[in-house]
Amino acid sequence: ARFAGKDMTDRRLADLDGEFYRFLLDVRRQLPEQPVRLFIVSQDPAGFRAGRARYHLLPHNGYMGFSQPPDTARVGDYVLLLAPLPGVHYDRQRQALAWENGQLPVEIRYSAPTGILFRVRGN
């Protein structure tokens, strides 16, 4: 009954991780049409949510396996932080993601309780 008569999008929204899928739809709207490099950073880097984010944001070049922003990110790349993510915070004054051993200049593209999407900017 949960999925009867619904198209694929509505089925995903009705599924157990429907709220997460809704968040990813909002994230997708903030990404360019052309595929970009997208680093998915989470507390469980190889876990379910990181994998689902990578899958649902295809054809963007999603890279997962990060528990902090990668130092290989370049200007124009995107970083998706899945909440909660202890040890990483956004410094509004510097407009940078900051963690124990580094920082990355970024601009916020989308923010929700589930996570935040950033675009890497130049220094």
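A residue is called exposed when its relative accessible area is over 50% and buried when that area is under 20%, with partly exposed covering the range in between. In this predicted model, Arg94 has a relative accessibility of 55% and therefore counts as exposed. The partner of Arg94 makes for a nice contrast: Asp91 forms a salt bridge with Arg94, the closest N and O atoms being 3.7 Å apart, yet Asp91 counts as buried because its relative accessibility is 19%. This pair thus joins a buried acidic side chain to an exposed basic one.

The structure holds 6 salt bridges, and another of them can be followed along a helix. Glu19 and Arg22 both belong to helix H2, which spans residues 18-30, and they sit 3 residues apart, about one turn of the helix. Their side chains meet in a salt bridge with an N to O distance of 3.7 Å. Glu19, at 58% relative accessibility, counts as exposed, whereas Arg22, with a relative accessible area of 40%, is partly exposed.

A further salt bridge brings together the side chains of Glu107 and Arg109, at 3.7 Å from N to O. Here both partners fall in the middle class: Glu107 is partly exposed at 31% relative accessibility, and Arg109 is partly exposed at 32%. The contact between Glu107 and Arg109 does not stand alone, for Arg119 is linked with these two residues in a network of salt bridges.

Definitions and conventions:
Residues numbered from 1 in each chain as written. Predicted model: local features only at pLDDT ≥ 70, side-chain atom pairs only at ≥ 80, totals over all residues. Heavy atoms only, no water. Salt bridge = Lys/Arg side-chain N within 4 Å of Asp/Glu carboxyl O. Helix = DSSP H or I, 4+ residues; strand = E, 2+ residues; numbered from the N terminus. Buried < 20%, exposed > 50% of the residue type's maximum accessible area, 1.4 Å probe, protein only.
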